[in-house]
Amino acid sequence: SIRQELAGKKIIITAGPTYEKIDPVRFIGNYSSGKMGFALAEECAARGAEVTLIAGPVSLKAYHSSICRIDVESAREMYDVALREYPGADAAIMCAAVADYAPDHCSDIKIKRSGDDIVLRLQPNPDIAAALGKIKRQNQVLAGFALETDNEEEHARLKMKRKNLDFIVLNSLKDAGAGFRCDTNKVTILTRDGEKIPFEVKPKKEVASDIISVLSGYMK
Ligand code: C5P
């Protein structure tokens with residue numbers, strides 16, 4: 001690559017879903033494929049960064065030799081790794097679809113089927129992005145994603161503020177070719193400085209390039 005503007009930078013990326021265990025064979029998860037996060041990791045590495053990719057359970061491979069991949073399963077594990085790694089990083093992009101709730105305990109044995117109703121009690125998971133936002137230093141960058149169904153821009157801006165992000169990538173649900181398991185995406189980037197940067201529908205690899213160009217602007 002001719003663009004090595006991220007040489008010497010360490011960037012953390014969370015990607016994929018999290019699995020919250022119910023018993024030894026069952027979990028609560030979601031449809032996140034991890035494609036967007038993995039594309040961001042490849043793009044950062046291609047521009048010279050050292051990447052720590054914290055990946056939930058996905059069937060994807062990271063190719064670039066500058067990507068250090070750490071596989072996790074639950075939100076709690078992802079939280080622990082992210083909090084440990086962020087102090088040594090220049091930037092973090094929170095791309096994972098973290099489960100909001102987890103069962104309050106995991107059964108040691110497989111839950112047996114019966115004719116009765118069963119109740120799963122769920123506890124809120126920690127907000128990883130918000131936790132990094134709390135410990136963020138002056139010279140560190142933090143970015144996140146938002147998927148909204150109504151008042152998209154307002155909700156995304158509130159989220160950016162609450163989590164102390166420098167910018168947030170708003171996934172549009174209104175457009176065809178955007179979102180989970182799709183190879184394309186349509187995003188709008190909102191920045192803490194009040195900018196709004198809309199993009200066309202394009203392959204996730206190209207969306208990653210657009211996002212990393214914005215990130216790069218915050219890292220000079
Ligand atoms: O609050 P909401 O889940 O909509 O925010 C989405 C953003 O926050 C994404 O960047 C996501 O990766 C991050 N997030 C997180 N930890 C959570 C929930 C969301 O890092 N527990």
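Leaving out neighbours within four places in sequence, Ala 41 is in contact with Ile 13, Val 51, Leu 53, Ala 62 and Ile 67. That is a handy way into this predicted model, since Ala 41 is among the residues that touch the most other members of the largest nonpolar core. The others picked out in that way are Ile 13, Leu 40, Ala 143 and Ile 168, and the core as a whole counts 59 residues. Helix H1, which covers residues 35-46, gives the most to this core, with seven residues.

Next come the strands on this side of the story. Strand E4 runs over residues 50-55 and is mostly covered, with five of its six residues buried. E4 pairs with strand E1 (residues 10-15) in the parallel sense, over six bridges. One spot to look for in this pairing is Lys 10, whose bridge partner in E4 is Glu 50. E4 is also joined to strand E5 (residues 67-71), again running parallel, this time by five bridges. Here Ile 54 has Ile 70 in E5 as its bridge partner. So E4 can be followed in the viewer with E1 as one pairing partner and E5 as another, because two strands count as paired once at least two bridges link them.

A second pair of strands is E9 and E10, which pair in the parallel sense over five bridges. Within that pair, Gly 144 stands opposite Ile 168 in E10. How many of the five residues of E10 are buried? Five of the five are, so this strand, residues 167-171, is largely enclosed by the rest of the structure. In a regular strand, side chains alternate between the two faces of the sheet. In E10, Phe 167, Val 169 and Asn 171 are on one side, Ile 168 and Leu 170 are on the other, and all of them are buried, so both faces are covered.

Strand E9 (141-147) matters for the ligand view too, as the largest share of the shell around the ligand, three residues, comes from E9. Helix H3 (128-135) is also listed, together with E9, as supplying at least two residues of that shell. Which residues come nearest to the ligand? Out of the 14 around it, they are Met 94, Val 98, Ile 128, Ala 129 and Gly 144. Sorted by class, the shell has nine nonpolar, three polar and two charged residues.

The UniProt record, an unreviewed entry, puts the feature "binding site" at Asp 100, Lys 110, Phe 145, Lys 159 and Lys 163. These positions are spread over 64 residues of sequence and also spread in space, up to 37.9 Å between C-alpha atoms. Two of them are worth a look side by side. Phe 145 is found in strand E9, whereas Lys 110 is in the loop between strand E7 (101-103) and strand E8 (122-124). Is Phe 145 buried or exposed? Phe 145 has 22 C-beta neighbours inside 10 Å, so it counts as buried. Lys 110 has 11 other C-beta atoms within 10 Å, so it is exposed. Not counting residues up to four places away in sequence, Phe 145 touches Met 94, Cys 95, Ile 168, Val 169 and Asn 171. On the same footing, Lys 110 touches Asp 23, Pro 24 and Val 25.

Finally, three asparagines in loops round off the tour. Asn 139 is in the loop between H3 and E9, and it is exposed because just 8 other C-beta atoms lie within 10 Å. The C-alpha atoms of Asn 139 and Ile 197 are separated by 23 Å, with the two residues 58 apart along the chain. Asn 151 sits in the loop between E9 and helix H4 (152-162). Asn 151 has 10 other C-beta atoms within 10 Å, so it is exposed. Its phi is near 40 degrees, a positive value in a residue other than glycine. Asn 164 also has a positive phi, about 60 degrees, although it is not a glycine. Asn 164 is placed in the loop between H4 and E10. Why is Asn 164 called partly exposed? It has 16 other C-beta atoms within 10 Å, and partly exposed residues fall between the exposed limit of 12 or fewer and the buried limit of 20 or more.

How values were computed:
Residues numbered from 1 in each chain as written. Predicted model: local features only at pLDDT ≥ 70, side-chain atom pairs only at ≥ 80, totals over all residues. Near = placed C-beta within 6 Å. Helix = DSSP H or I, 4+ residues; strand = E, 2+ residues; numbered from the N terminus. Nonpolar A, V, L, I, M, F, W, Y, C, P; charged D, E, K, R; others polar. Core = buried A, V, L, I, M, F, W, Y, C linked by C-beta atoms within 7 Å. Contact = placed C-beta atoms within 7 Å. UniProt positions renumbered as here; feature names shortened; annotations may be inferred.
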